[in-house]
Amino acid sequence: MNEPLGPNKSAEFLEPPETSASLRPDPRGILKDGAPNEPALRALFRKSILSVRDFSREQIISLCRLAAYLESVEITAYHPLDGKLIITAFFEASTRTRISFESATLRLDGKIISIPEGGQTGVKKGEGLADIGEMFNAYGDLVIMRHTETDALERIQRGLRLPIINAGNGTGEHPTQALADWYALMKWCPGLALDEPIAEPLNIGLLGTPGSMRTVKSFLLMALAFKQHINSVTIVSEMADPLGKPVEEIVREEGIAVKITNDMGKHLSGLDVIYMNSIVCIGDQYTAMDASYKLDAASPLKEGAVILHPLARLEELDKSLDATPHNLYFAQAHGAVFVRQALLLSVLGRLYQLPGDIQLTH
Amino acid sequence: MNEPLGPNKSAEFLEPPETSASLRPDPRGILKDGAPNEPALRALFRKSILSVRDFSREQIISLCRLAAYLESVEITAYHPLDGKLIITAFFEASTRTRISFESATLRLDGKIISIPEGGQTGVKKGEGLADIGEMFNAYGDLVIMRHTETDALERIQRGLRLPIINAGNGTGEHPTQALADWYALMKWCPGLALDEPIAEPLNIGLLGTPGSMRTVKSFLLMALAFKQHINSVTIVSEMADPLGKPVEEIVREEGIAVKITNDMGKHLSGLDVIYMNSIVCIGDQYTAMDASYKLDAASPLKEGAVILHPLARLEELDKSLDATPHNLYFAQAHGAVFVRQALLLSVLGRLYQLPGDIQLTH
Amino acid sequence: MNEPLGPNKSAEFLEPPETSASLRPDPRGILKDGAPNEPALRALFRKSILSVRDFSREQIISLCRLAAYLESVEITAYHPLDGKLIITAFFEASTRTRISFESATLRLDGKIISIPEGGQTGVKKGEGLADIGEMFNAYGDLVIMRHTETDALERIQRGLRLPIINAGNGTGEHPTQALADWYALMKWCPGLALDEPIAEPLNIGLLGTPGSMRTVKSFLLMALAFKQHINSVTIVSEMADPLGKPVEEIVREEGIAVKITNDMGKHLSGLDVIYMNSIVCIGDQYTAMDASYKLDAASPLKEGAVILHPLARLEELDKSLDATPHNLYFAQAHGAVFVRQALLLSVLGRLYQLPGDIQLTH
């Protein structure tokens, strides 16, 4: 349906108002020095994405670059996912992540079957995940799943022949959240997409426990793909061993310097990137951050430092920061739709449906 | 997608069966003396609609006239909302209103992200409405919101850059319900769309408390746009002050004669329009109507009088009335889809996508 | 939208992997000896389907043959339900059946308004089903309803002018499940579609109580359309009268030999088709099957026998059977989408929208 849409075509919405534009780095910055690599993206065709480790560095950068195109060019009229049906099966509720995927899909003209409370389906009746996977084979082209249990993806894959994207599994991973995080960072610092180390490698602070919090773990694992640009990673946690054995080994192997502290204040002024969280996992329990982990416009942040936060926020991230250049969290939330679109187009093999304005390298 | 749809094209459904046709005034009656005014509708482009007061008289009439076209002409094949994504965020459950908006959207080929129980999303976790608004910016083109709290729309607008349509806010308003009400009345009495007063100005009876019931309040506020056609408004309520100060002042200023009574029986036979309700708000509580407020086919209604009811009904509106000419409530429910379509097309700037059969004035 | 979709077009998914292909009979087998009969299908235009008895034998076979085409040919690009809006109103929760219908619709480019928990809408407020039907008239083109009460369909039809498809009503019927069951059997034994009796007429075993379990009842009633191919039907139940009077009379009239037993083991080795269930209705209660009704790969099944199961399964159907040729239940679940598509295309009058590859007889 490429008929002209008339003068009121939705393209207007692509230009954000002045006030927020200042907070949102221009996505085209990361297209100046390179285009998405087509073979890297095509290698994702029909591939399931369970972990950040399923992506190569080339794929991460190419997905972010394709996302930058999708954020800059109006492609709705090309209907690139026409005829594709995506099942969003959320066995752990998350309106935000679910509708981010659904918006990503619908704007490309894909269709959605939404199961917002998967836990209330057959599973409650005792049905196994493998059987649910078998059922899904007849119903759609791709499954996006969130589950409270870490091994749930492997279990459903016993019956499932469709590709599946992990939207959060227990204490496991949340790879598309990490894509959204690093896409925001790349827009802020386009040099991250290049091989040559940036002039001043980053000091990154991470609130939380990568060993048991999947968003933090996936962020850290994806950081390994950018290690030449990283000077240090500081984990802020009350726990003695917030990394956990398996993550620690991977990080050690890759040779990133990781410091652990429970005193955020002491390190704050040296950090270029601060990854905040509204909850932390202490032992087996999630608790809200206490006062010593709160940031506001008066906090002693380094000039030019940016804050990430996988929203929703509570009081740990004060609204006084929203109008400052430290706010990268709105860009992070906004960009999540576009990295997910880039991934869906790749896994579903619809890169050929994109308009000619989007240049891929071969 | 203007390809021919074959002989079984959905156009057949446009002709309702005999029995109900008699209950449904022909929408084309209000097109005989005028067409929708294009500049008035285009002035709604990207505008948020929080209150009936956001519409001019010209806009109300033009929306109803456009609705009359939409009810008469098959436009599905024109896909006028192609590529537009609408978020229905219902922080107070209402299947009826939600699916009315969703049907309106889908039939124009818009897409829907449906959040039927918004209260269970981030808000429960303490997330602010402004942050939810910020999130919505990335997800869609327009938000339709219902909320239990009257100030919720203003709060979400602090973060939201998309237009928003109020689908009911606490004790506030419900402007599209009022559009549906007056569209039904206009179909029944096309003279309401003209400037010259109708031959026998209307006596309107209103069950409920406009001060605290948003549907009744919005109906009354929209009545002000038709004041030259109104002889009197009688509010039937057990409360001493069912209007409340702010509404009373607006009504007084506009010079509509408002009577207040608790005895519906005494006034019934003089009323041309009776706006019924299944609940009334007494003090802070909603209670079902008691027996003295019930209507059935044996009630002493004026000849030619019509009944409105924002359904769902309980026992206050007996089914014996369904097959009588007093039944305007089915037409009112039916027409709600079309006034909502008229509004969506205007706010989303897609009037140009309509077929040539629909004539607008310039 | 018939534009070329590029080399990654979804057609690839039509070829299932080796391992499962062996479990899934080729649907094209039932097209060798005949095509769907167009007049039979067109007679379903705008017809409501409440019972298996609403179909003629010719219609059942033609729906299955059309389903065989839909399972074999990629027709997504033809958008045959473009512009059609289907309401799935589930007053009794069933994710599986609901998303089977929704997937069937969306893949044909129809739109869905989904009411997954109809019991929480107006009905809770006391609203009658007839009024809900009246409301639906304005919202869509067809209603698919499931309800806990057997007479719910008749009640909603008092207000509804749209066609309605029964997706399970109390102890009534579930006609599209029976279509899925017999479509699977027809793929396994294409001779069932012909008039001449098959060489070795079938011995069918049925676990459950057709009198009070709607899936079993609908399966049995549809069996009557295939009686020339059936040698015997054995009902396995703990109840003295699992058929119930009305079903018994119909079955007796049609002259099918029905045996009743509570000992599955005694008959198992003689059965060609075993229709399993995870629950049985004993008196007024559903209970899980006990150990004597369990099947696994070691059960003494006849060579070539097949098992049906309207999933979800519990322990009565062991996973050791999944990889055996006895497994017809995966094909049964898979095919449900296509028989539902065949029915939707017929009831909504969109057979003309199908590609020329699909041959209908006149």
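Q: How many helices and strands does chain A have?
A: This is a predicted model, so the elements here are read off predicted coordinates. Chain A mixes both kinds of element, and the tally comes to 11 helices and 11 strands.

Q: What share of the residues of chain A count as buried?
A: Chain A runs to 362 residues. To count as buried, a residue needs 20 or more other C-beta atoms within 10 Å of its own. In chain A the share that makes the cut is 57%.

Q: How far apart are the centres of domain 1 and domain 2 of chain A?
A: The domain assignment splits chain A into domain 1, built from 25–174 plus 336–353, and domain 2, covering 176–333. Where they meet, domain 1 of chain A puts in 28 residues and domain 2 of chain A puts in 24. Taken over C-alpha atoms, the distance between the two centres is 24 Å.

Q: Which element of chain A gives the most to the side of domain 1 that touches domain 2?
A: Three elements of chain A each supply at least two residues to that side of domain 1: helix 3 (57–72), strand 4 (164–169) and helix 11 (329–347). By class, this side has 14 nonpolar, seven polar and seven charged residues. With six residues, the one that gives the most is helix 3 of chain A.

Q: At roughly what angle do the axes of helix 5 of chain A and helix 11 of chain C cross?
A: A packed pair of helices is described by the distance between the axes and the angle between them. Helix 5 of chain A (residues 129–139) passes helix 11 of chain C (residues 329–347) in a right-handed crossing. Glu134(A), Met135(A), Asn137(A), Ala138(A) and Tyr139(A) meet Phe330(C), Ala333(C), His334(C) and Val337(C) there, a set of six nonpolar, two polar and one charged. The axes come within 8 Å, and the angle is roughly 35°.

Q: Is Ile113(B) buried or exposed?
A: Ile113(B) sits in strand 2 of chain B, residues 111–115. Its contacts include Ile99(A) and Leu106(A) from chain A, along with Leu85(B) and Tyr139(B) from chain B. Because 22 other C-beta atoms lie within 10 Å, Ile113(B) is buried.

Q: Which residue of chain B that touches Cys64(B) is also among those with the most contacts inside the largest nonpolar core?
A: The largest nonpolar core has 354 residues, and Cys64(B) is one of those with the most contacts inside it. Leaving out residues up to four places away in sequence, Cys64(B) touches Ile30(B), Trp182(B), Tyr183(B), Met186(B), Ala193(B) and Val339(B). Of these, the one also listed for the core is Val339(B).

How values were computed
Residues are numbered from 1 along each chain as its sequence is written. Chains are lettered from A and ligands numbered from 1 in the order in which they are written. This is a predicted model: local features need pLDDT of at least 70, side-chain atom pairs count only at pLDDT 80 or more; totals for chains, interfaces and linings use all residues. Domain bounds come from an automatic or database domain assignment. Two residues are in contact if their C-beta atoms, placed from the backbone, lie within 7 Å. Helices (H or I, at least four residues) and strands (E, at least two) are DSSP runs, numbered from the N terminus. Ala, Val, Leu, Ile, Met, Phe, Trp, Tyr, Cys and Pro count as nonpolar, Asp, Glu, Lys and Arg as charged, and the others, Gly among them, as polar. A residue is buried if 20 or more other C-beta atoms lie within 10 Å of its own, exposed if 12 or fewer, and partly exposed in between; C-beta atoms are placed from the backbone. Axes are lines fitted to C-alpha atoms, for helices over the stretch in contact, and angles run from 0 to 180 degrees between N-to-C directions. A crossing is left-handed if the near helix is turned anticlockwise from the far one by less than a right angle, and right-handed if clockwise. A nonpolar core is a set of buried Ala, Val, Leu, Ile, Met, Phe, Trp, Tyr and Cys residues joined through C-beta atoms within 7 Å.
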